[in-house]
Amino acid sequence: MSGCVPDFLLSDSDWVVIEAGEHEPSPARKFGLLISPSEISATVTFDSSCIYDVGAVDADDWNKVIGVGFVGAKDQPLDGVAPHQVDGARVGWRWNAQRQRIDLGAYIYVEGQRIDFKVAEVAINTPTKMVIKIDYDRKVYQVLGGKTVPFTHNKSFAYNTGLYFGGTSVAPHRIRVKIQDY
């Protein structure tokens, strides 16, 4: 895994870049431990580099932009599965060529089972406030104001997840996303 570079050392720290052939930016960005986060948010702008074609097989795969993964349960598996793929919530995004817009969705794991669905869409170059809410009393996630999804864990330790391209496909070309305020 690449090292994490503080944003103040980057020339344009709001723009996060994934190079062609990669899943993640290098160096990695925005890691850190969170304790009982009730909200993860950022203002996100997708530019024209986010228009892509990975073919029909992977066209419906969700990329990810912001999110949270939970750690620390005594029964957390140590079999190579990332904690955010056991318990966590992320904002998914994908280019919708038919509508010429970015689809936005909930991309959630509860006890290792993925739940994903479209919530909204946004035009290219439109700054959009994205919010993930975690309600520990009701034990629900809410992504982008969409329907709530119940979770079962009692975890309080978490970490931010950042920009990721794929499901299975890597970035077909250089992808740039502006991520502010998180």
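## Strands and their pairing

Two strands count as a pair if DSSP finds at least two bridges between them. Keep that cut-off in mind for this predicted model. Strand β5 covers residues 88-96, and strand β6 covers residues 101-110. Nine bridges join β5 to β6. The two strands run antiparallel. One bridge can be picked out by name: R94 has D103 in β6 as its bridge partner.

Both strands belong to an open sheet of six strands. Read across it, and the order is β2-β11-β4-β5-β6-β7. The pairing is antiparallel. Which strands form the edges? They are β2 (33-35) and β7 (113-122), and each of them pairs on one side only. From one strand to the next, the twist averages 25 degrees.

## Aromatic pairs

How many aromatic pairs does a search of the whole structure find? The count is nine. Take F70 and Y141. Their ring centres are 6.3 Å apart, and their planes meet at 35 degrees. Planes under 30 degrees apart count as stacked and those over 60 as edge-to-face, so a pair in between is tilted. The pair of F70 and Y141 is therefore tilted. F70 sits in strand β4 (residues 63-71), while Y141 sits in strand β9 (residues 140-143). The pair thus ties together parts that are 71 residues apart in sequence.

Are these two residues buried or exposed? F70 is buried, with a relative accessible area of 0%. Y141 is buried too, and its relative accessible area is 0%. The cut-off for buried is under 20%.

Y141 also pairs with F151. Here the ring centres are 4.6 Å apart and the planes are at 40 degrees, so this pair is tilted. F151 lies in the loop between β10 (148-150) and β11 (157-161). Y141 and F151 are 10 residues apart. F151 is buried, at a relative accessible area of 5%.

Elsewhere, ring pairs link F46, Y52, W93 and F165 into a cluster.

## A cavity

Rolling a probe the size of a water molecule over the atoms shows where empty space is left. A search of the whole structure finds one cavity of 30 Å³ or more. Its volume is about 40 Å³.

Which residues line the largest cavity? They are Y52, V54, D58, D61, N63, F165, G166, G167 and S169. By class, the lining has three nonpolar, four polar and two charged residues. Y52 and F165 appear in this lining, and both also belong to the ring cluster.

Note on methods:
Residues are numbered from 1 along each chain as its sequence is written. This is a predicted model: local features need pLDDT of at least 70, side-chain atom pairs count only at pLDDT 80 or more; totals for chains, interfaces and linings use all residues. Side-chain values use heavy atoms; hydrogens and water are left out. On a 1 Å grid over the protein atoms alone, a cavity is a set of points where a 1.4 Å probe fits but cannot get out, and a pocket is an open set with protein on both sides within 12 Å along at least five of seven lines; lining residues have an atom within 4 Å of a point. Grid points are joined across faces, edges and corners, and a volume is the space filled by probe spheres set on the points. Ala, Val, Leu, Ile, Met, Phe, Trp, Tyr, Cys and Pro count as nonpolar, Asp, Glu, Lys and Arg as charged, and the others, Gly among them, as polar. Helices (H or I, at least four residues) and strands (E, at least two) are DSSP runs, numbered from the N terminus. Axes are lines fitted to C-alpha atoms, for helices over the stretch in contact, and angles run from 0 to 180 degrees between N-to-C directions. Rings of Phe, Tyr and Trp (its six-membered ring) pair if their centres lie within 6.5 Å; planes under 30 degrees apart count as stacked, over 60 as edge-to-face and the rest as tilted. Buried means under 20% relative accessible area, exposed over 50%, partly exposed in between (1.4 Å probe, protein chains only).
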